[in-house]
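Reader: I'm new to this one, could you walk me through it?
Author: Gladly; have a look at it here, and then ask away.

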Amino acid sequence: MSPERDGGMTFTSNRANGSRESLESEQPLLQPVSRAASAPFERAGLRGVKVTGTPFSDAGASQPCWPPGGHPTSAAREPSTPLLQVPSQQDLAAHAAWHTPAERVAHWWRRRWEHEYSKYGTAEWASLVLPCISWLRSYNWSSYLQADLVAGLTVGVMTVPQSLSYARIAGLPSQFGLYGAFAPVLGYALFGSSRQLAVGPVAIVSLLLSNGLTDIVPGAEDNWEPNEPINPSAQESYNIAAVQVSLLVAAMYVAVGALRLGFLTNFLSHSVLSGFTTGAAAVIGISQIKLIFGFHVPRDGSALETIQYLVTHLRETQPLELALGCTWLLLLLSMKHLGMNHGRLQWMRPLGPLTVAVLSILCVWGLELDVRTVGAIPAGLPPVTISWWFPPEVDWWDLVKVAGTLTLVGLMESIAIAKALAAQHKHPLDANQELIGLGMANLAGAAFCCYPSTGGFSRSAVNADSGAKSGLAGAVTAGVVGCVLALLTGLTRHMPLNAMGAIVLAGVSGLLNFSESAFLWRGGEGGQRI
């Protein structure tokens, strides 16, 4: 039976078993059903039910209002297509009784089981548990492997200096940044659904984590240099709290994905996202200017207080630090601009952070410059930190509030990037599976000494532009970071802080969208401010 519409009326046709008879030959079988009559079905969630017969009578009769002899053309109908009786009001009330959120979710899973999962074989069940199996089964090794290797290596050399810088923004020792670019990336490669999203430490999440934990961990505001803390016990509590927040973020991601709540991101307007991203980028940039000028700024101040402190303490600027920082920043922005605007120089964009890191290390080490450096970083792969999960270092509710903020921001950022990349490369994306993948990535991070990770704008763009075809590119990136952790941490101790500040400033410059801000300030297309 198929519904037909004509003006304000809905008709149903007894077109049995997919028959392709013309509509004209079935005109005697068409019966009008008003939209008012179908409204109770819509309210009860019975969309798609085809109703034959007349509209509901005033008495709410549950039988079709045909003469005792039945349908006028019942003799011409096939016996396999009986008329569907109109349900009574009691039936509709009983059907609507399960419309609580929990019962809706249970109903969805039950229908998913009946129509999809019950037909799964071993391979399909394995793909459901580990989504990477789905793309591995269809992986074209001859065509995709080289592209994934190139993309993974490119993002890897870009990730190492960025991660070191983002860990400082988060108020954590530098090795936490490298750990965050290793374990969560492997976790996402196994459980994520996007083929180009690059997961790891990002600037916005690092800033929010620092602001949140500094307020709730006693003594954290004293440690402006995480690698050489003034208050070691407070820094240790801060590190443990960061891992516990990562665990809570993982639980929230998995819960949102399992409950099929990924659609909630659709209610966040573009103007909200644009304003938040631009504001966060400005705050991050202000927090890193101190590294370019070469003097200490307290961590517990707001962005305006930081600017005031910088202005009133300009006399403390270190000329050598300022000269080096401006040089690295100019080099980074130049390579980024050339890579984005000239096709043949596309390789320069991801190599900018690595180039600055190498040149700055050579300058400090070879010329023995007296500037502040990162310092020693422990060699080796990340330690297991499951024992850090309990008990909480601070009140659980305070940690939950910080984790909720990071989950919301990471969800917005990752889903927006993943959807854009999926549309660009024309491959399917399950937003709810994506959230579960991010949750598993953060769970791996919580187990191996990491703070919360999510998808990053710049690294994902480079990953896609480098030709990434699957999650294997992320595994290659994690391999690059693992090699650095195992073999090359001794070199990073010579990396100057002004170079790290320049890398962060160049990275967040792409998040500053002044033209969009001006457009929103004017009130959009209407040109009127609200």
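Reader: Which helix gives the most to the nonpolar patch?
Author: That is helix α4, residues 122-129, which contributes three residues; helices here are DSSP runs of H or I with at least four residues, and strands are E runs of at least two, numbered from the N terminus. This is a predicted model, in which local features need pLDDT of at least 70 and side-chain atom pairs count only at pLDDT 80 or more, while totals for chains, interfaces and linings use all residues. Residues are numbered from 1 along each chain as its sequence is written, and side-chain values use heavy atoms, with hydrogens and water left out.

Reader: OK, and which residues make the nonpolar surface patch?
Author: W113, W125, L128 and V129 make it, over about 380 Å². Patches take residues with over 30% relative accessible area and no salt bridge, nonpolar side chains (Val, Leu, Ile, Met, Phe, Trp, Tyr) being joined within 5 Å and like charges within 9 Å; a salt bridge is a side-chain nitrogen of Lys or Arg within 4 Å of a carboxyl oxygen of Asp or Glu. Areas come from the Shrake-Rupley method with a 1.4 Å probe, and for residues only the protein chains shown count as cover.

Reader: Why does W125 count as partly exposed?
Author: Because its relative accessibility is 32%, and buried means under 20%, exposed over 50%, and partly exposed in between (1.4 Å probe, protein chains only).

Reader: Switching to the inside, which residues touch the most other members of the largest nonpolar core?
Author: L209, L213, V245 and M495 do, in a core of 88 residues. A nonpolar core is a set of buried Ala, Val, Leu, Ile, Met, Phe, Trp, Tyr and Cys residues joined through side-chain atoms within 4.5 Å.

Reader: What is V245 in contact with?
Author: Leaving aside neighbours within four places in sequence, V245 is in contact (heavy atoms within 4.5 Å) with L209, L213, L399, V402, A403, L406 and P452.

Reader: How many disulfides does the structure hold?
Author: Zero, a disulfide being a pair of cysteine sulfur atoms within 2.5 Å. As for individual cysteines, C132 is buried at 6% relative accessible area, whereas C363 is partly exposed at 24%.

Reader: And where does P378 lie?
Author: P378 is in the loop between α14 (348-367) and α15 (396-425), and is partly exposed at 40% relative accessibility. Its C-alpha atom is separated by 8.4 Å from that of G490, 112 residues apart along the chain, and, neighbours within four places in sequence aside, P378 is in contact with Q175 and T489.
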